[in-house]
Amino acid sequence: MLTLTSPVETALHRWPAGVKLAALSVASVGVVAYQMLIWPAAVAVAAVYLLQGRDFARHGLAMLRPLWMIVVILALWHLWTGAWAAGALILARLVTLVALANLVTMTTRLDDMLNLLERLASPLARIGLPPRTLALAIALVIRFTPVLLAKANMLHLAWRARSARRPNARIVLPLVLMALDDADHVAEALRARGGL
Amino acid sequence: MERNLTHIALFAALIAVLGLVPQITLVSGVPITAQSLGVMLCGTVLGARRGALAVLLFLVLVAIGLPILSGGRGGIGVFAGPSAGFLVGFPVAAFVAGLITERMPAPVGVASLIGAALGGIVVLYAFGISGMALVIGKTLPEAALLVTPYLIGDAIKVGLAAAITQGLARVRPGSLLSRP
């Protein structure tokens, strides 16, 4: 499965994941708490993206695409009510915070994130969640998402072979059954290999 | 123990798949992603605790950068976006849906319908609307207005979740972990 990490190697990729996440938290809280920081932060984030090269900046822009609808709605809303300055501030804050968080995602490899997660989650061992179990659960999801997706596509094909109409929600029940079966099989396989 | 773990993991994968399969047409001609259907099913099929854990696991994978949120989104940025409140509400919604399906002394179809409606709409929208109001600096009624178009799709998904849960109870009663 592809991740959202940018293939363009930047200096930020070499920063430790923990440092980046801590910086992200501090910066986000700062921008939310102090309104006057919004515009400088927006300019700084844009500059960081542009400094990593054109391809990286373009990838960053593409990552912001899911926001377009809310941005258009908010812009029209504030044009209508006349509160332009407030609207610009809200939009800048929204886009800056998302872009800043995306920056961490784009420059941190999955391995580094997983290592950090394992360290952060180690205190959970005391309440019954050993880091190994969490790591196994994550690995299972990463492995089985494409497997289930392939099975969903097979259900689609089977449907199309039988019917001229497009598949509807009726294929969800067999998909749920397949997930339940897979879960039972994997549980058996784990137990056969000595369990957790 | 192994069974709990694999069910939680497989249902986290199921939520991802339901968000990635766009071809499911719920209403005539309008493709809606079924991701929140997956969240409801986690609760009504796996029960409160396992269901909530499956959704949490899914969110962990989103946060570490896998593009498994509907529309291929993912990463930490989605938790700063306008739908962040819905994401935070997902595990709670699954928990409530599961709790009602488990505890309500009614046929499984009825219990899961009420559970999915309370969890997947009442609880989820309470979180979602609050989150949106915070992120885009609007009042709660204004934010509520912005999410009302999605209400129709989610109401349909509540019905589907109940129908699927009941179907599962009929064809494979042993698999319905919420009603052992």
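Student: What percentage of the 196 residues in chain A is buried?
Tutor: The model is predicted: local features need pLDDT of at least 70, side-chain atom pairs count only at pLDDT 80 or more, and totals for chains, interfaces and linings use all residues. Residues are numbered from 1 along each chain as its sequence is written, while chains are lettered from A and ligands numbered from 1 in the order in which they are written. A residue is buried if 20 or more other C-beta atoms, placed from the backbone, lie within 10 Å of its own, exposed if 12 or fewer do, and partly exposed in between. Of the 196 residues in chain A, the buried share is 27%.

Student: Which elements make up chain A, from the N terminus on?
Tutor: Helices (H or I, at least four residues) and strands (E, at least two) are DSSP runs, numbered from the N terminus. Chain A has eight helices and zero strands. From the N terminus on, the order is therefore α-α-α-α-α-α-α-α.

Student: What is the radius of gyration of chain A, and what does the globule rule give for 196 residues?
Tutor: Along its principal axes, the C-alpha trace of chain A spans about 60 × 50 × 35 Å. The radius of gyration is taken over C-alpha atoms, and the globule rule is 2.2 Å times the number of residues to the power 0.38. Chain A is well over the value of the rule, so it is more spread out than a compact globule. The radius of gyration is 22 Å, and the rule gives 16 Å.

Student: Which face of α1(A) holds its buried residues, and which elements do they pack against?
Tutor: Helix α1(A) has 17 residues and reaches 24 Å from its first C-alpha to its last, close to the 24 Å expected at 1.5 Å a residue (1.5 Å times one less than the number of residues). Its buried residues are A:A17, A:K20 and A:V31; seen down the axis, they fall within an arc of 65° (taken from the directions from the helix axis to the C-beta atoms), so they line one face of the helix. Exposed residues on the other side are A:V19, A:A22, A:V26, A:V29, A:G30 and A:A33. The buried residues pack against α2 (38–51), α5 and α6 of chain A.

Student: Which residues of α2(A) are buried?
Tutor: Helix α2(A), with 14 residues, reaches 20 Å from its first C-alpha to its last, close to the 20 Å expected. On the other side from the buried residues, A:P40, A:V43, A:A47, A:L50 and A:L51 are exposed. The buried residues pack against α1, α3 (54–63) and α5 of chain A. They are A:I38, A:A41, A:V45 and A:Y49.

Student: Why do the buried residues of α2(A) line one face, and how wide is their arc?
Tutor: An α-helix has 3.6 residues a turn, so residues three or four places apart point the same way. Seen down the axis of α2(A), the buried residues line one face, because they fall within an arc of 70°.

Student: How many helices and strands does chain B have?
Tutor: Read along the sequence, chain B follows the pattern α-β-β-α-α-α-α-α. That pattern comprises six helices and two strands.

Student: What is the radius of gyration of chain B?
Tutor: The C-alpha atoms of chain B fill a box of roughly 45 × 30 × 30 Å, taken along the principal axes, and 61% of the 180 residues count as buried. The globule rule gives 16 Å for 180 residues, and the value for chain B is close to it, so chain B is as compact as a globular protein of that length. The radius of gyration is 15 Å.

Student: How many residues of each chain are in contact across the two chains?
Tutor: Two residues are in contact if their C-beta atoms, placed from the backbone, lie within 7 Å. By this criterion, chain A gives 56 residues and chain B gives 53.

Student: How many residues of each class lie on the side of chain A that touches chain B?
Tutor: Ala, Val, Leu, Ile, Met, Phe, Trp, Tyr, Cys and Pro count as nonpolar, Asp, Glu, Lys and Arg as charged, and the others, Gly among them, as polar. This side has 42 nonpolar, eleven polar and three charged residues.

Student: Which residues touch the most other members of the largest nonpolar core?
Tutor: A nonpolar core is a set of buried Ala, Val, Leu, Ile, Met, Phe, Trp, Tyr and Cys residues joined through C-beta atoms within 7 Å. The largest has 110 residues, and helix α1 (residues 2–20) of chain B gives the most, with 13 residues. Leaving aside residues up to four places away in sequence, B:A12 touches A:V141, B:A54, B:L57, B:F58 and B:L61. The residues touching the most other members are A:V141, B:A9 and B:A12.
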